[in-house]
Amino acid sequence: MAIVSYPLADCPGCRGSMSFGNVDVYGSFILRGCGRCRYNERVPLPDIQKRKLYLDQSFLSLVFKAEDNRYLAIAEKIKSICAKQALVVPYSNVHEDETHQWKHYEALLDFIKATARGHELRPTYEVVQAQFDTALELWLTEQNPDFSVEQNDAFDKGIDEWEGYYRIDVGGYYGDIEKIRAAKITSITGLVDTFDAWRDSVHSIEEHINLELASGADGYINAYKAYLAKVDAGDYDVLFDRPINSKYVERMVRYGALGGSLEERVQSTLRFLYSPYFAAMPAQSISARIYAELREQVRRGAYANKAKAIARLSGFFFDVDHISIYGPYFDGIVVDRSMHELLRSNSVDLTRRWGTKVFSASNLDEFEVWLREIEQAIPLEHREALPSAYPRLLV
């Protein structure tokens, strides 16, 4: 006997009245069964490929607050297209980290997960590690450093499959929220404090990009050095709680293909971190360009009012994380106005380099058109299978 989610008819096996129907959807087929006997059938479903959309905290928060009817209408359209299996809006650990800065974060996080329909991105550290592995392999084989990202590095295998009726939500641990919130404020204030020095910069934007990339490489190396120093000093707790950046470097230093001796592997790691291959990694390339473009905006007179700059850039570090790491894996991404301005600049240009459409309050009309095009492009075979898979769905 099965637990029938949607009774559809009398059972062909035992003739039980309205005991036969959809049990669940499993990726590529509908399982139908009887609530009274063991009779069951599998109904195949056509292959599908969903468009991927990343909604940042600013959009989700506005929808959650329900203060803007246009955002609410767009959110309903997104949910409708997701229900039709043509679009997916997964959430990430960046969503969770940022949401937990809210006083009423539980309700907002529930809303985000419901919008995502159970789809979750791989954690940022796994995606960055995959980018490191790809870049390092290209460097070792002397191939073109401008590599394309692999979808499986960011999404689970079920992302382009038909969704089941149920999802399991597993909670996580998010540390001291007040401490993280205070650190966020301190970081943004520190960033804005550097703006006076940025206004006097004489470097070109390309020079700033290179400086950011070099600074990024320095950061990885210094994290690894700090880790080794603590171990050398007998602080073995660091083995269980250390910066993730030190782990990336340690993985390379242990990689036999970089050399026979430890010294050879260390020198190879250093050469790689200052090479065009490291610079081509999305997590490094996009981040460096965003910061360089922000410097350029400040140099041209933007963000002159410190208090307004802090408020406007409050989510900047989270935004840079999710865009630089996840952006290239998505067909579309929704950000706030400030970030949109940075991403559409010639120095960043996420759309030209990676094909990712960028939307914000600045171009909601374009976003609505993009969503409409996705819905209209659903293949006939896909559309005809929807009522069978989801009997209550209004197609």
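Partly exposed describes a residue whose relative accessible area falls between the buried limit, under 20%, and the exposed limit, over 50%. The legends below use these words for a predicted model.

**View 1. A salt bridge joins helix α6 to helix α13.** The partners are D193 and K306. Their side chains meet with N and O 2.6 Å apart. D193 lies in α6, and K306 lies in α13, residues 306-312. The two helices belong to parts that are 113 residues apart in sequence, so the pair ties those parts together. Is D193 buried or partly exposed? Its relative accessible area is 41%, so D193 is partly exposed. K306 has a value of 43% and is partly exposed too.

**View 2. E163 and K50 form a salt bridge between two loops.** The N to O distance is 3.5 Å. E163 sits in the loop between α5 (124-140) and α6 (177-193). K50 sits in the loop between β4 (40-44) and β5 (51-55). This pair links distant parts of the chain, 113 residues apart. Both E163 and K50 are buried. How many salt bridges does the structure hold? The total is 20.

**View 3. Four charged residues share a network of salt bridges around helix α12.** The members are E293, E296, R299 and R300. Look at E296 and R299 within this group. Their closest N and O atoms are 2.7 Å apart. Both residues lie in α12, residues 282-299. They are three residues apart, about one turn of the helix. E296 is buried, at 11% relative accessible area. R299 is partly exposed, at 37%.

**View 4. The largest nonpolar core has 61 residues.** Which residues have the most contacts inside this core? They are F132, F195, F272, I290 and F316. Helix α5 gives the largest share, seven residues. Now zoom in on F132. F132 touches Y220, Y248, M252, F272, L273, F278 and M281, leaving out residues up to four places away in sequence. A second core is separate from this one and has 25 residues. Among its members are I81, V89, V334 and F359. There is a general pattern behind such views. In soluble globular proteins, nonpolar side chains tend to be buried together.

**View 5. Helix α2 packs against helix α17, with axes that come within 10 Å.** Helix α2 covers residues 69-83, and α17 covers residues 364-376. What is the rough crossing angle of the axes? They cross at roughly 20°. Angles under 35 degrees count as roughly parallel, so α2 is roughly parallel to α17. The crossing is left-handed. On the α2 side, the contact is made by R70, Y71, I74, K77, I78, S80 and I81. On the α17 side, the residues are L364, D365, F367, E368, L371, I374 and E375. I81 of α2 is also included in the second nonpolar core.

**View 6. T269 is a buried residue of helix α10.** This helix runs over residues 262-273. The relative accessible area of T269 is 2%. Which residues does T269 contact, leaving aside its neighbours within four places in sequence? The contacts are V249, M252, V253 and L258. M252 is also one of the residues that F132 touches.

**View 7. K157 is an exposed residue in the loop between α5 and α6.** Its relative accessibility is 72%. E163, from View 2, sits in the loop between α5 and α6 as well. The C-alpha atom of K157 is separated from that of G27 by 9.9 Å. Along the chain, K157 and G27 are 130 residues apart.

**View 8. M18 and Y303 each have a positive phi.** Most residues other than glycine have a negative phi. M18 is not a glycine, yet its phi is about 50°. M18 lies in the loop between β1 (6-9) and β2 (20-25). With a relative accessible area of 42%, M18 is partly exposed. Y303 is also a residue other than glycine, and its phi is near 60°. Where is Y303 found? Y303 is in the loop between α12 and α13. Is Y303 buried or exposed? At 9% relative accessible area, Y303 is buried.

Key:
Residues are numbered from 1 along each chain as its sequence is written. This is a predicted model: local features need pLDDT of at least 70, side-chain atom pairs count only at pLDDT 80 or more; totals for chains, interfaces and linings use all residues. Side-chain values use heavy atoms; hydrogens and water are left out. Buried means under 20% relative accessible area, exposed over 50%, partly exposed in between (1.4 Å probe, protein chains only). A nonpolar core is a set of buried Ala, Val, Leu, Ile, Met, Phe, Trp, Tyr and Cys residues joined through side-chain atoms within 4.5 Å. Contact means heavy atoms within 4.5 Å. Axes are lines fitted to C-alpha atoms, for helices over the stretch in contact, and angles run from 0 to 180 degrees between N-to-C directions. Angles under 35 degrees count as roughly parallel, over 145 as roughly antiparallel, 65 to 115 as roughly perpendicular and the rest as oblique. A crossing is left-handed if the near helix is turned anticlockwise from the far one by less than a right angle, and right-handed if clockwise.
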